[in-house]
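Colleague: Got a minute to walk me through this fold? I'd like to go strand by strand and then see how the helices sit.

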Amino acid sequence: MTISVFEDYHALSAHAASFIAGQLRIKPSLTLCMASGHTPALTVEMLVNTILSEKIDYSGFRFIGLDEWLGLPPENSGSCHYFFKTKLIDPLQLSPSQYFLFDAMSPDPAAECKKMDAVIAERGIDIMLVGIGMNGHIGFNEPGTSFLSLCHVAALDDTTKSVGQKYFNEQMELSKGITTGLGQLLTASTVLLMANGSKKAPVIQKAVEGPVKESFPASIIQRHPNAVILTDKEAAALLNTSR
Ligand code: PGA
């Protein structure tokens with residue numbers, strides 16, 4: 001596990017974007033599994049700009065959406081689908097064969113999970129870019145989720161239900177999510193765990209320096225052989241080791 005601390009959110013996002021763009025140059029068939037949310041928003045914007053301005057070949061690029069609010073229509077601006085469509089899929093004009101998103105409206109979510117498990121088993125994940133929730137979740141892998149989990153439907157933790165309101169214009173009834181699993185995070189070649197802002201300092205400290213346990217899902221990062229923690233100074237403020 002390596003930890004890089006950046007001056008601010010902009011520098012952190014620029015680094016993550018340039019790392020992914022660099023890897024795409026090396027491996028044009030790169031598969032990126034990425035979170036939506038506030039943390040990676042600038043990274044994806046910078047990544048798209050770099051790919052287009054530097055004319056990086058992305059015809060072989062594949063993208064997997066990390067998770068989704070179950071039952072939320074894709075046109076809802078708070079959905080992960082909307083985030084990915086407006087920030088990545090449309091700007092890059094990705095063809096439907098290049099991206100894989102959970103269908104949160106499917107009458108058979110278990111089948112959606114199986115489908116995504118098969119995609120991940122077949123392609124593998126080169127880079128998994130994730131944030132961290134205020135309860136230590138990664139994706140919708142809530143506290144107590146098995147480190148061996150594959151794609152699954154998750155009952156949302158109370159913290160996720162309340163913090164999740166920030167993505168929506170009106171009060172939302174959030175109860176379940178559909179998510180890739182922690183077992184799949186362990187299979188990714190590289191995991192980038194990003195966090196910014198002082199509110200993330202306690203959870204970053206626990207993820208990086210606390211005990212590795214399923215009650216704090218992000219602690220799994222300590223088990224990954226090639227995990228990179230990227231934070232701004234504020235999110236790194238409680239780390240014991242000075243960096
Ligand atoms: P955020 O979400 O990037 O919007 O803070 C992180 C998460 O809940 O995983």
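**Strands, sheets and helices**

Modeller: Sure, and keep in mind that this is a predicted model. Let's begin with strand E3 (residues 62-65): Arg62 and Ile64 point one way, Phe63 and Gly65 point the other way, and all are buried. That fits a general pattern, since in a regular strand the side chains alternate between the two faces of the sheet.

Colleague: Which residue is the bridge partner of Thr31 in E3?

Modeller: Strand E2 (residues 31-34) runs parallel to E3, and 4 bridges hold the pair. Within E3, Thr31 is matched with Arg62.

Colleague: And which residue in E5 does Ile64 stand opposite?

Modeller: E3 also pairs with strand E5 (residues 99-100), in parallel and through 2 bridges. Across from Ile64 in E5 you find Phe100.

Colleague: What is the order of the strands in the open sheet of 7 strands?

Modeller: E2 pairs with E3 over 4 bridges, and E2 is also joined to strand E6 (residues 127-130) by 3 bridges, again in parallel. There, Leu32 faces Ile127 of E6. The pairing in this open sheet is parallel, and its order is E1-E10-E9-E6-E2-E3-E5.

Colleague: Which strands stand at the edges of that sheet?

Modeller: Look for strands with a single partner strand, so that one side is left without a neighbour in the sheet. That description fits strand E1 (2-6) and E5.

Colleague: About what angle does the direction of helix H4 make with that of E3?

Modeller: Helix H4 (residues 109-123) packs on the sheet and touches E2, E3 and E5. Its direction and that of E3 make about 140°.

Colleague: What is the handedness of the β-α-β unit that E2, H2 and E3 make?

Modeller: The two strands of the unit, E2 and E3, pair in the parallel sense. Helix H2 (residues 41-53) is the helix of the unit, and the unit is right-handed.

Colleague: Are H2 and H3 roughly parallel or roughly antiparallel to each other?

Modeller: H2 packs against helix H3 (residues 80-92) with the axes 10 Å apart and an angle of about 5°. Angles under 35 degrees count as roughly parallel. H2 and H3 are therefore roughly parallel.

Colleague: How many charged residues does the contact of H2 with H3 have?

Modeller: H2 brings in Ala41, Val44, Val48, Ile51 and Leu52, while H3 supplies Phe83, Lys87, Leu88, Pro91 and Leu92. By class that gives 9 nonpolar and no polar residues, and the number of charged ones is 1.

Colleague: Does Lys85 count as buried or partly exposed?

Modeller: Lys85 is part of helix H3 and touches Asp90 and Pro91, leaving aside residues up to four places away in sequence. Buried means under 20% relative accessible area, and exposed means over 50%. Lys85 comes out at 36%, so the class is partly exposed.

Colleague: What about the open sheet of 3 strands: which strands stand at its edges?

Modeller: This sheet has the order E4-E8-E7, with antiparallel pairing, and its neighbouring strands are turned by 25° against each other on average, direction ignored. E7 and strand E8 (residues 176-179) share 4 bridges, and His152 has Thr179 of E8 as its bridge partner. The strands with a single partner strand each, and so at the edges, are E4 (67-69) and E7 (152-155).

Notes: Residues are numbered from 1 along each chain as its sequence is written. This is a predicted model: local features need pLDDT of at least 70, side-chain atom pairs count only at pLDDT 80 or more; totals for chains, interfaces and linings use all residues. Side-chain values use heavy atoms; hydrogens and water are left out. Buried means under 20% relative accessible area, exposed over 50%, partly exposed in between (1.4 Å probe, protein chains only). Two strands pair if DSSP finds at least two bridges between them. A crossover is right-handed if, with the strands pointing away from the viewer, the path from the first strand over the helix to the second runs clockwise. Axes are lines fitted to C-alpha atoms, for helices over the stretch in contact, and angles run from 0 to 180 degrees between N-to-C directions. Angles under 35 degrees count as roughly parallel, over 145 as roughly antiparallel, 65 to 115 as roughly perpendicular and the rest as oblique. Contact means heavy atoms within 4.5 Å. Ala, Val, Leu, Ile, Met, Phe, Trp, Tyr, Cys and Pro count as nonpolar, Asp, Glu, Lys and Arg as charged, and the others, Gly among them, as polar.
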